[in-house]
Amino acid sequence: MNVIIFGPPGAGKGTQSQYIVDKFNLYQISTGDLLRKEISEKTDIGNEIDNIISKGDFATDDIVNRLIKKVVTNENHRNNIIFDGYPRNTNQAENLELILNADNQFISFVLFLKVSRETVEKRILGRIICEKCNKIFNEFNEFNEKKEIENHQCEKKYLKKRKDDNLETIITRYDEYMKKTKPVLDFYSSRSYFYEIDGSVNIEQISSKIEQILTV
Ligand code: AMP
């Protein structure tokens with residue numbers, strides 16, 4: 001199956017994608033991760049987008065579509081993908097359908113995580129990511145216990161804040177979402193495979209709802 005997880009920045013897409021990967025053995029495509037990789041490897045694309053992403057603006061569709069096409073049609077991943085952070089506008093949604101149709105693949109589920117702006121801000125401001133294994137934590141106790149961070153298996157030096165996780169950038173990222181990404185909801189919401197999920201409850205409750213949906 002191919003799954004799209006969708007929602008505002010900080011909705012928990014990355015966290016729930018990790019759960020889905022472990023539970024259903026899917027391959028995660030996070031366009032944010034793909035773009036950050038280009039930046040850290042200082043490729044031509046990386047140098048072009050570093051500034052854009054730091055400010056919270058979107059990378060161009062051309063760059064993102066190019067990066068995604070290679071992975072989507074890869075023999076090892078096809079029909080076994082969770083898309084996290086893509087599509088982010090209707091042009092990308094249309095492009096994804098073209099790529100999938102041409103490769104005889106289709107979308108099985110669209111999961112929309114619905115959360116308020118206040119929750120989003122708090123989650124993003126507390127977010128800590130392990131650069132080695134990509135596991136996501138939160139320094140606020142209400143999201144995960146401190147000992148989970150302390151007991152994490154990778155060395156402490158890999159635990160980092162994302163450069164774009166600051167208040168100023170969050171505002172731009174949220175505005176970008178409202179302007180460009182929210183219309184993607186209209187693109188999918190009438191489809192039979194569209195599911196809206198309350199993303200404001202705790203991680204385990206969201207995961208369990210997702211499990212129910214994906215095992216129907
Ligand atoms: P994320 O890791 O999903 O929060 O994405 C981090 C940043 O990467 C976003 O704020 C955008 O600047 C950029 N980005 C990620 N995915 C896309 C996409 N599908 N299209 C354009 N820009 C993207």
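**Notebook: the ligand, helix α2 and two buried residues**

I began at the ligand and found one of its nitrogen atoms 3.1 Å from a polar backbone atom of Gly85; I count as a polar contact a pair of N or O atoms within 3.5 Å, and within protein one must be able to donate a hydrogen and the other to accept it, while residues adjacent in sequence count only if both atoms are side-chain atoms. The protein covers 96% of the 480 Å² of accessible area that the ligand has on its own, an area that comes from the Shrake-Rupley method with a 1.4 Å probe.

I note that this is a predicted model, in which local features need pLDDT of at least 70 and side-chain atom pairs count only at pLDDT 80 or more, whereas totals for chains, interfaces and linings use all residues. Residues are numbered from 1 along each chain as its sequence is written, and side-chain values use heavy atoms, with hydrogens and water left out.

I then looked up two further ligand contacts: a ligand nitrogen atom is 2.8 Å from an N or O atom in the side chain of Thr31, and a ligand oxygen atom lies 3.0 Å from a polar side-chain atom of Arg88. In the shell I counted 16 residues, with Thr31, Arg36, Asp57, Gln92 and Arg162 the closest, where a residue belongs if one of its heavy atoms lies within 4 Å of the ligand.

Next I turned to helix α2 (residues 31-40), which gives the most to this shell, with four residues; helices here are DSSP runs (H or I, at least four residues) and strands likewise (E, at least two), numbered from the N terminus. I listed its buried residues as Thr31, Gly32, Leu35, Glu38 and Ile39, buried meaning under 20% relative accessible area (1.4 Å probe, protein chains only). They lie on the same side of α2, because they cover an arc of only 125° around the axis, taken from the directions from the helix axis to the C-beta atoms. I found that their cover includes β2 (27-30), α3 (44-55), α4 (61-72) and β3 (81-84), contact meaning heavy atoms within 4.5 Å.

Finally I checked Thr181, which is found in helix α8 (residues 167-181) and is buried, with a relative accessible area of 4%. Leaving out residues up to four places away in sequence, I saw that Thr181 touches Phe6, Phe58, Pro87, Arg88 and Glu176. A polar atom of the Thr181 side chain lies 2.8 Å from the backbone oxygen of Arg88.

Technical notes:
Buried means under 20% relative accessible area, exposed over 50%, partly exposed in between (1.4 Å probe, protein chains only).
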